[in-house]
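Work through the following exercises with the sequence and the model open beside you. Each task is followed by a solution that goes step by step.

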Amino acid sequence: MTTTSMKKNMLPPGLVNNLQEVLLSRKGDNNNNKGNNEEEKQSKDDSTEPSTSTCNENDAADENDSSKPVVLVTNGEGIDSLGLVYLVQALVSLGLYNVHVCAPQSDKSVSGHSVTPRETITVTPAEIDGATAYEVAGTPVDCVSLALSGALFSWSKPLLVISGINRGSSCGHHMFYSGVVAGAREALICGVPSLSISLNWKREESQESDFKDAVAVCLPLINAAIRDIEKGVFPKSCFLSIEIPTSPSANKGFKLTKQSMWRSAPSWLAVSANRHPSSAAHFMSNQQSLGLQLAQLSRDASAAGAARRVTTQKKNVEIESVGAAKLDNKVKKYFRLEFVDKEQEDADEDLDFKALDNGFIAVTPLSLSPQIESDIQTAASDWISSAVHGDQ
């Protein structure tokens, strides 16, 4: 890990100092842990092997050890995602925390801050070694809200909520779509300190092992946060969004950043009806014959239009045909949303996406209360006053 780069005016000096101490002492701690592990292994070898029932009892007692701080982990991509699995494994292996997991059972990475009201949500126990885990048929916000409600776990609330590690950046405007950021935001709404962690995954460059490296580089910050929460000096008015560069092991250190206005360009693509299997399955339920249904879909789709090409600044996207299928005298069309990267103009080096592109681990404090600049407040006040008086 290289030298950490931070601005002192964005987080309490105590947190910054503690983080630096953790980073400097990390090598020494690893050596000590290695020695301790060897001693523990030798001790186990000298003793008789306990029975299976005894092991299970000890594991259960350890999971409910009230002397250890409770850490809740969730994410946006689902409970089986590598980012969450490697993070939980690392937290458990430290032996310092009582780790609990409450995560979506499927990918909800772009669910934003959505919830599932007035519907029954299924919660199922999940097998994660060393942790108490549940998978939830809902969004990341559902998971955090349920976990903190007291209805699922025996504890009142955890010391820290960690949401991640997500596959893909959540910089700029992406945080509004991001399920992993929403999980951390919901924790802060409920009064629990939280971190959101994302890896700047790139399809042609990234490897699954990068998630292990991402866990390794963010653990010092997690440990520093937990220590400062226990001391009462961790920021209470914000949560931290942590963005890890594409090559985590080659990072240039931590850098405190500001949220940017960056976003990918949305591109809506018309999709051929006969290339939309899920919709075809839906239509089949209203038809007497599978053969007739598929034939009708094929005829309608063929008559809908010819192939055309949409060219964007970054890449070309070929659209096979404009989708349109007729059912019960109604024409249904199909579209798919894709995000296309845009060329970025010169930007402030302290913005989240810029620091991330430059190889830093970007740490951005995010607040629940957006601070409106004085000139915007004045302009809005003048307009409201003018509009109200104008109607009288």
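This is a predicted model, in which local features need pLDDT of at least 70 and side-chain atom pairs count only at pLDDT 80 or more, while totals for chains, interfaces and linings use all residues. Residues are numbered from 1 along each chain as its sequence is written, and side-chain values use heavy atoms, with hydrogens and water left out.

**Exercise 1. Find the residues that make the nonpolar surface patch, and state which strand gives the largest share.**

Begin with the criterion: patches are made of residues with over 30% relative accessible area and no salt bridge, like charges being joined within 9 Å and nonpolar side chains (Val, Leu, Ile, Met, Phe, Trp, Tyr) within 5 Å. Accessible areas come from the Shrake-Rupley method with a 1.4 Å probe, and for residues only the protein chains shown count as cover. The patch of about 640 Å² is then made by Val110, Tyr177, Trp268, Phe335, Leu337 and Phe339. Strand S14 (residues 335-340) supplies the largest share, three residues, and Phe335 has its place in that strand. Strands (E, at least two residues) and helices (H or I, at least four) are DSSP runs, numbered from the N terminus.

**Exercise 2. Compare the end-to-end distance of helix H7 with its expected span, and locate the kink.**

The expected span of a helix is 1.5 Å times one less than its number of residues. For the 23 residues of H7 (residues 209-231) this gives 33 Å, and the end C-alpha atoms are 34 Å apart, which agrees. Next, take the bend at a residue as the angle between axes fitted to the seven residues ending there and the seven starting there; a kink of about 40° lies at Cys218, shortly before the proline Pro220. Just after H7, Gly232 takes a positive phi of about 80°.

**Exercise 3. Follow the chain into the loop after H7 and describe the surroundings of Lys236.**

Lys236 belongs to the loop between H7 and strand S7 (238-244). Its relative accessible area is 67%, so Lys236 is exposed (exposed means over 50%, buried under 20%, partly exposed in between, with a 1.4 Å probe and protein chains only). A polar atom of the Lys236 side chain lies 3.4 Å from the backbone oxygen of Gly232. Lys236 and Ser367 are 131 residues apart in sequence, yet 9.5 Å apart in space, C-alpha to C-alpha.

**Exercise 4. Identify the salt bridge and say which parts of the chain it ties together.**

The structure holds one salt bridge (a side-chain nitrogen of Lys or Arg within 4 Å of a carboxyl oxygen of Asp or Glu). Asp350 forms it with Lys255, the closest N and O atoms being 3.7 Å apart. Because Asp350 lies in the loop between S14 and helix H10 (352-357) and Lys255 in strand S8 (residues 254-256), the pair ties together parts that are 95 residues apart in sequence. Both Asp350 and Lys255 are buried.

**Exercise 5. Locate the cis peptide bond and the positive phi in a residue other than glycine.**

Most residues other than glycine have a negative phi, and most peptide bonds are trans. Here a cis peptide bond joins Gly164 and Ile165, with omega of about 5°, and Ile165 has its place in strand S5 (residues 160-167). Arg118 has a positive phi near 60°; Arg118 lies in the loop between strand S2 (98-104) and S3, and at 82% relative accessibility counts as exposed.

Technical notes:
Polar contact = N/O pair within 3.5 Å; in protein donor to acceptor, adjacent residues only side chain to side chain.
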